[in-house]
Amino acid sequence: MFSDELEKISWDETTERILSKTDADVRRALAKEHCDVEDFMAMVSPAAEPYLETMARLSRKYTEERFGKTVSMFIPLYITNSCTNSCVYCGFHISNPMRRTILTEEEIENEYKAIKKLAPFENLLIVTGENPAKAGVPYLARALDLAKPYFSNLKIEVMPLKAEEYAELMKHGMNGVICFQETYNKAHYNIYHPRGMKSKFEWRLNGFDRMGQAGVHSIGMGVLIGLEKEWRTDITMMAHHLRYLQKHYWRTKYSVNFPRMRPSENGGFQPNVVMTDRELAQVTFAMRIFDHDVDISYSTREPAAIRDHMATLGVTTMSAESKTEPGGYFTYPQALEQFHVSDERTAVEVEKALKRAGREPVWKDWDASFDLKAFRRA
Amino acid sequence: MKIKVNNKEVETAASSIAALVDELALPAQGVAVAVDNRMVPRAGWADFALAEGMSLVIIKAACGG
Amino acid sequence: MEKLVIAGREFTSRLFLGTGKFNSNELMAQAIKASGTEMVTVAMKRIELDDKDDDMLRHVAGPDIQLLPNTSGVRNAEEAVFAAQMAREAFGTNWLKLEIHPDPRYLLPDSTETLKATEQLVKMGFVVLPYCQADPTLCKHLEEAGAATVMPLGAPIGTNKGLQTRDFLRIIIEQANVPVVVDAGIGAPSHAAEAMEMGASACLVNTAIAVAGDPVAMARAFRQAVEAGRMAYEAGLGLQADSFVAEASSPLTAFLNE
């Protein structure tokens, strides 16, 4: 389990090592075709800032070698905002006096139909809060079953599950799981996640092992930028985690996310640190140079201009026209969002912008034609 | 009695594998014996009675990479 | 240097030696000593009834030496299991270099039979070190079947051509959770050093030492090459990075200044 590995990596020492990386360390990392985590640390360090253009060039080269000039498009659908957690930064916080919704089967299907009218989306991400009693595995299984006629690639972003639960959902057509650790700093984790199941650091962290054991085809990881001041350290821990998972669950494809929290204008949680655009670009390039194959995903949290440019330099997966409230596409277009999106363009507008930038948006890049498990019950 | 050792006919007076190993003056280590394609553990050599027509494989250590 | 651990046993030396093709057992014994190795392969052959040759075992056995019987000569998994049982009895060890090559010409390992035999032998309690193709997927399957190491080839056996499979070895090393021993094809100390610099756990060398002008001196050279390569790997290789200067113009990242 990765929790055993993480115990061996000191947060403070890692921070210190990143901050003491030199110009020579950065140049050595950039010259390598195959970087290790130590090289990654050099590339996200302040010492690498003067090399941003070089890193962009390398990142684009490696990305085009592996992905061609494509960007894979997906759309998230929140099917419930019911949640028993109290994450201090999240709109679905349990003590937030908002109307809670668990979409009915009919409502879910209406959402699917509404999404299909936006653009030819085939990659769907089903998102929930954490309420296993009311919106647990059977509910997810039903949502997956209903999605099959509309979408060819189904991922979920839900609470960490047991290995056998992941395996069960795969039988219902689930192909991938996204789960953000949010932060790898165990000492601070409970400041942000004080109560509920999400307060259990190890249960969440080792969820990725359980996904791997269940044979999930695609695993998405993430660090929420804005929690830990030392975001360089946090992302380095994710790089360690990625390498560990690749070694143990080698049949699985991985994606990484590092969404930035913005200062909130109407009170509420304020991020502890704000990552600049240049820093976001540096991390993105470093991740690509570190791992030529990993999917790097940008959500609509990022502004349109940044997304359009970065799609040519390393980002390979994007959402578009996302609504972060349950039923936001059809049933309840006015409900409270989990977070505010920055890129409010329609999917069609995003598509046009990507094409202008010389990128081909791909709506369907995988399908389960040969996955016997996924179709056994269809 | 006639038996086969590594596909060659051998006339022997040995009544057990242990006696045959003695007779052939094989080294103490690095030797294994199979009868009719089944390995016979060293501990069972003394009790394993040889019979007319049995086919034995006897191997010993050799150089190799 | 970090110690190598295979199936719970620690090795100080990361050079494994094959015992084939030496001019004499005495020369072989001296080469083993000079190499500092702690793991030596041995083969098995059918006895000849009039055979009075010298017992090779007494030249290789020693308190620090792990004997690694091989299954050379078997053509499929079934024969390999039989050979393994004979080897365990003959040498008193459950360690085994599994090699299955049905092809007598190039002695290339048979991947499907090797995997099948590994699965069976692990269940029977053997410590299995399979000689195999430099195939990353196969190596993961062998690892999952319980192999104690994987031993991918650098080049066809006996060719001394070095790491012809380098790109695949790199992937195998990156992905492996068991030690990776580069076996076959290593023809010069520089090849061994290269494998070790890449992060291989150990090298198995035979022909290059046995047929050298002076096998004992060559054994010493390999010992130093393996140590140097490992040390370099642990130290973190520096690369020539002169081409990466900070770029003054920024056509790709100008948008970040807007």
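**Exercise 1. How many helices and strands does the secondary structure of chain C come to?**

Before you start, a word on the model. This is a predicted model, where local features need pLDDT of at least 70, side-chain atom pairs count only at pLDDT 80 or more, and totals for chains, interfaces and linings use all residues. Residues are numbered from 1 along each chain as its sequence is written, and chains are lettered from A, with ligands numbered from 1, in the order in which they are written.

Solution.
- Step 1: Pick out the elements. Helices (H or I, at least four residues) and strands (E, at least two) are DSSP runs, numbered from the N terminus.
- Step 2: Count them. Chain C comes to nine helices and 10 strands.
- Step 3: Look at its extent. The C-alpha trace of chain C spans about 90 × 40 × 35 Å along its principal axes.
- Step 4: Check burial. A residue is buried if 20 or more other C-beta atoms lie within 10 Å of its own, exposed if 12 or fewer, and partly exposed in between, with C-beta atoms placed from the backbone. Of the 258 residues in chain C, 50% are buried.

**Exercise 2. Describe the open sheet of chain C that contains β7.**

Solution.
- Step 1: Use the pairing rule: two strands pair if DSSP finds at least two bridges between them.
- Step 2: Read off the order. Three strands run β6-β7-β8 in chain C, with parallel pairing.
- Step 3: Find the edges. β6 (95-98) and β8 (151-152) of chain C each pair on one side only.
- Step 4: Zoom in on one pair. β7 (residues 127-132) of chain C and β8(C) are joined in the parallel sense by two bridges, and C132(C) has P152(C) as its bridge partner in β8(C).

**Exercise 3. Work out which chains touch which.**

Solution.
- Step 1: Fix the cut-off. Two residues are in contact if their C-beta atoms, placed from the backbone, lie within 7 Å.
- Step 2: Take chains C and B. Here 25 residues of chain C meet 25 residues of chain B. On the chain C side, β4 (39-46) and α3 (77-91) are the elements giving two or more residues.
- Step 3: Sort by class. Ala, Val, Leu, Ile, Met, Phe, Trp, Tyr, Cys and Pro count as nonpolar, Asp, Glu, Lys and Arg as charged, and the others, Gly among them, as polar. The side of chain C that touches chain B has 13 nonpolar, eight polar and four charged residues.
- Step 4: Spot the strand pairing across the two chains. β5 (residues 55-62) of chain B pairs with β4(C) in the antiparallel sense over four bridges; within β4(C), R46(C) is the bridge partner of I59(B).
- Step 5: Take chains A and C. This time 24 residues of chain A are in contact with 17 residues of chain C. On the side of chain A that touches chain C, α5(A) gives the most, with six residues, and the split is 10 nonpolar, four polar and 10 charged.
- Step 6: Compare. Of the two pairs of chains in contact, chains B and C share the most contacts. No contact joins chain A and chain B, and their closest C-alpha atoms lie 30 Å apart.

**Exercise 4. Where do the buried residues of helix α7(A) lie, seen down its axis?**

Solution.
- Step 1: List them. In α7 (residues 137-147) of chain A, the buried ones are Y139(A), L140(A), A143(A), L144(A) and A147(A).
- Step 2: Look down the axis, taking directions from the helix axis to the C-beta atoms. The buried residues of α7(A) fall within an arc of 140°, so they line one face of the helix.
- Step 3: Recall the geometry: an α-helix has 3.6 residues a turn, so residues three or four places apart point the same way.
- Step 4: See what covers them. The cover includes α6 (105-118), β2 (123-127) and α8 (163-171) of chain A.

**Exercise 5. Follow L6(A), then M43(A), through chain A.**

Solution.
- Step 1: Place L6(A) in helix α1 (residues 2-7) of chain A. L6(A) is buried, with 20 other C-beta atoms within 10 Å.
- Step 2: Check its contacts. Not counting residues up to four places away in sequence, L6(A) touches Y184(A), L205(A) and M237(A).
- Step 3: Move to the largest nonpolar core. A nonpolar core is a set of buried Ala, Val, Leu, Ile, Met, Phe, Trp, Tyr and Cys residues joined through C-beta atoms within 7 Å. This one has 105 residues, and M43(A) is one of the five members touching the most others. α13(A) supplies the largest share, eight residues.
- Step 4: List partners of M43(A) beyond four places in sequence: among them are V26(A), M55(A), A286(A) and F290(A).
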